[in-house]
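Before reading on, take a moment to look over the sequence and turn the structure around on the screen. The paragraphs that follow begin with a single residue and then widen the view step by step.

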Amino acid sequence: MEDSLLVLEASLAGCRFEIYPPGIIRGRADFPGIGALEVSRKHAQIYFQGGHWRLRDLGSTNGTSVNDCPVEDCLLSCGDKITFGGMECLVTVNNDQEALAARARELVVSLFDSSRREKAAAVAQSRAA
């Protein structure tokens, strides 16, 4: 598998953290530099279950969000934006460049369109169910 988290945050922008089944716990040591103090030592777990990646917050101090919606446990899809405290990452699955380019365009548009943020919140909530 070539699944990974692509870091969007300034000091580590462009870095990739590969993820392999059964999964991995991400925390402060993974994100040195700007924003790392907002990331708990053991912040969240990304795990593989039923053929899909899932994310579980591990009781972090500043929380974990997927597509700007706070989550405790949810399904992940290619292009989802995960926020660990103040660190943002993009989920990439099998290096699907077309899907990532489409998601990047969508994220840029969402910065200027609050209605898309509301839609993203509804989608994230339905995934968590």
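In this predicted model, R54 has a relative accessible area of 17%, and because buried means under 20%, R54 counts as buried. The residue belongs to strand β5, which covers residues 52–57. Around R54, leaving aside residues up to four places away in sequence, lie the residues that it touches, namely Q45, I46, Y47, Q49, D73, C74, L75 and L76.

One of these neighbours, D73, deserves a longer look. The side chains of R54 and D73 make a polar contact at 3.0 Å, and the two residues also form a salt bridge, in which the closest N and O atoms are 3.0 Å apart. This pair links distant parts of the chain, since R54 is in strand β5 whereas D73 is in strand β8 (residues 73–75), with their positions 19 residues apart in the numbering. While R54 is buried at 17%, D73 has a relative accessible area of 23% and is therefore partly exposed.

Which residue besides R54 meets D73 in a salt bridge? The side chain of R56 does so, with a distance of 3.4 Å from N to O. This second pair again links distant parts of the chain, R56 being in strand β5 and D73 in strand β8, 17 residues apart. R56 is partly exposed, with a relative accessibility of 31%. Through salt bridges that share partners, R54, R56 and D73 are joined into one network.

The total in the structure is four salt bridges, and another of them pairs K81 with D68, whose closest N and O atoms are 2.8 Å apart. Here K81 is in strand β9, and D68 is in the loop between β6 (64–66) and β7 (69–71), so that the pair links parts of the chain 13 residues apart. Is K81 buried or exposed? With 10% relative accessibility, K81 counts as buried, whereas D68 is partly exposed at 42%.

Let us return to the neighbours of R54, which include C74. C74 is buried, with a relative accessible area of 2%, and another cysteine, C89, is buried at 0%. A disulfide is a covalent bond between the sulfur atoms of two cysteines. The structure holds zero disulfides, and for C74 the nearest cysteine sulfur is that of C69, at a distance of 9.3 Å.

I46, also touched by R54, leads on to the nonpolar interior. In soluble globular proteins, nonpolar side chains tend to be buried together. The largest nonpolar core in this model has 18 residues, and those with the most contacts inside it are L5, I46, L55, V66, L76, I82 and F84. Strands β1 (4–7), β4 (44–49), β5, β9 (81–84) and β10 (87–92) each supply at least two residues of this core, and β10 gives the most, with three. Not counting residues up to four places away in sequence, I46 touches a number of residues, among them L5, L55, L76 and F84.

Finally, consider the chain as a whole. Its secondary structure comes to two helices and 10 strands, and along the sequence the strands come before the helices, in the pattern β-β-β-β-β-β-β-β-β-β-α-α. Of the 129 residues in the chain, 39% are buried. Among contacts between residues at least 6 apart in sequence, 36% join residues at least 24 apart. The chain exposes about 7100 Å², of which carbon and sulfur atoms supply 53%.

Note on methods
Residues are numbered from 1 along each chain as its sequence is written. This is a predicted model: local features need pLDDT of at least 70, side-chain atom pairs count only at pLDDT 80 or more; totals for chains, interfaces and linings use all residues. Side-chain values use heavy atoms; hydrogens and water are left out. Helices (H or I, at least four residues) and strands (E, at least two) are DSSP runs, numbered from the N terminus. A polar contact is a pair of N or O atoms within 3.5 Å; within protein, one must be able to donate a hydrogen and the other to accept it, and residues adjacent in sequence count only if both atoms are side-chain atoms. Contact means heavy atoms within 4.5 Å. A disulfide is a pair of cysteine sulfur atoms within 2.5 Å. Buried means under 20% relative accessible area, exposed over 50%, partly exposed in between (1.4 Å probe, protein chains only). Accessible areas come from the Shrake-Rupley method with a 1.4 Å probe; for residues, only the protein chains shown count as cover. A nonpolar core is a set of buried Ala, Val, Leu, Ile, Met, Phe, Trp, Tyr and Cys residues joined through side-chain atoms within 4.5 Å.
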